[in-house]
Amino acid sequence: MDSTILAQITGNIATVGYGLATLGPGLAVGIIAGKTVEAMARQPEMAGRLQVTMFLGIAFAELLAFIGVATFFIFQ
């Protein structure tokens, strides 16, 4: 009985890793923006403070994407 190759993976595994690393920041930014809009609807007088906090949260979430880019170049 001979073995048959059903699938062959070619290319760099870091490419797949970076693709998966984009899921975290994408989901985080969506959740952060959604919850901020919800909070502004509940307390409109806090909109200014909520926007500042939202932008900080988005910055930290996007930091994950930059780490993914750096990891891609390190392991390439």
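Tyr18 is partly exposed, because its relative accessible area of 29% falls between the 20% that bounds buried residues and the 50% that bounds exposed ones. The model that holds this tyrosine is a predicted one. Tyr18 sits in helix H1, which takes in residues 13-21. Setting aside neighbours within four places in sequence, Tyr18 touches Ala65, Gly68, Val69 and Phe72.

Two C-alpha separations describe the surroundings of this residue further. Thr71 is 53 residues from Tyr18 along the chain, yet their C-alpha atoms are separated by 7.8 Å. For Ala70 and Tyr18, which are 52 residues apart along the chain, the separation of the C-alpha atoms is 9.3 Å. Ala70 belongs to helix H3. With a relative accessibility of 36%, Ala70 also lies between the 20% and 50% limits and therefore counts as partly exposed.

The whole chain can now be set around these residues. Its secondary structure consists of three helices and zero strands, and the pattern read along the sequence is α-α-α. The chain has 76 residues, of which 11% count as buried. The area that the chain exposes is about 6,100 Å², and 70% of that is supplied by carbon and sulfur atoms.

The next pair to consider is H2 and H3. Helix H2 spans residues 23-42, and helix H3 spans residues 47-74. Two packed helices are described by the angle between their axes and the distance between the axes. For H2 and H3, the axes come within 9 Å and cross at roughly 175°. An angle over 145 degrees counts as roughly antiparallel, so H2 and H3 are roughly antiparallel to each other.

Which residues of H2 and H3 meet? On the H2 side they are Pro25, Ala28, Val29, Ile32, Ala33, Thr36, Ala39 and Met40. On the H3 side they are Ala47, Leu50, Gln51, Met54, Gly57, Ile58, Ala61, Glu62, Leu64 and Ala65. Sorted by class, this contact of H2 with H3 has 14 nonpolar, three polar and one charged residues.

Two places in this contact can be followed residue by residue. One is at Met40, a residue of H2. Apart from neighbours within four places in sequence, Met40 is in contact with Ala47, Leu50 and Gln51. Met40 and Leu50 are 10 residues apart along the chain, and 7.3 Å separates their C-alpha atoms.

The other place is at Glu62, which is in helix H3. Once neighbours within four places in sequence are left aside, Glu62 contacts Pro25 and Val29. The C-alpha atoms of Glu62 and Val29 are separated by 8.0 Å, although the two residues are 33 apart along the chain. Is Glu62 buried, partly exposed or exposed? Its relative accessibility is 31%, and Glu62 therefore counts as partly exposed.

A database record can be laid over this picture. In an unreviewed UniProt entry, the annotation "transmembrane region" covers residues 12-33 and 54-75. In the model, residues 54-75 are 95% helix and 0% strand. The C-alpha atoms at the two ends of that stretch are 32 Å apart.

Note on methods: Residues are numbered from 1 along each chain as its sequence is written. This is a predicted model: local features need pLDDT of at least 70, side-chain atom pairs count only at pLDDT 80 or more; totals for chains, interfaces and linings use all residues. Side-chain values use heavy atoms; hydrogens and water are left out. Helices (H or I, at least four residues) and strands (E, at least two) are DSSP runs, numbered from the N terminus. Contact means heavy atoms within 4.5 Å. Axes are lines fitted to C-alpha atoms, for helices over the stretch in contact, and angles run from 0 to 180 degrees between N-to-C directions. Angles under 35 degrees count as roughly parallel, over 145 as roughly antiparallel, 65 to 115 as roughly perpendicular and the rest as oblique. Ala, Val, Leu, Ile, Met, Phe, Trp, Tyr, Cys and Pro count as nonpolar, Asp, Glu, Lys and Arg as charged, and the others, Gly among them, as polar. UniProt positions are given in the numbering used here, feature names are shortened, and annotations may be inferred rather than shown by experiment. Buried means under 20% relative accessible area, exposed over 50%, partly exposed in between (1.4 Å probe, protein chains only). Accessible areas come from the Shrake-Rupley method with a 1.4 Å probe; for residues, only the protein chains shown count as cover.
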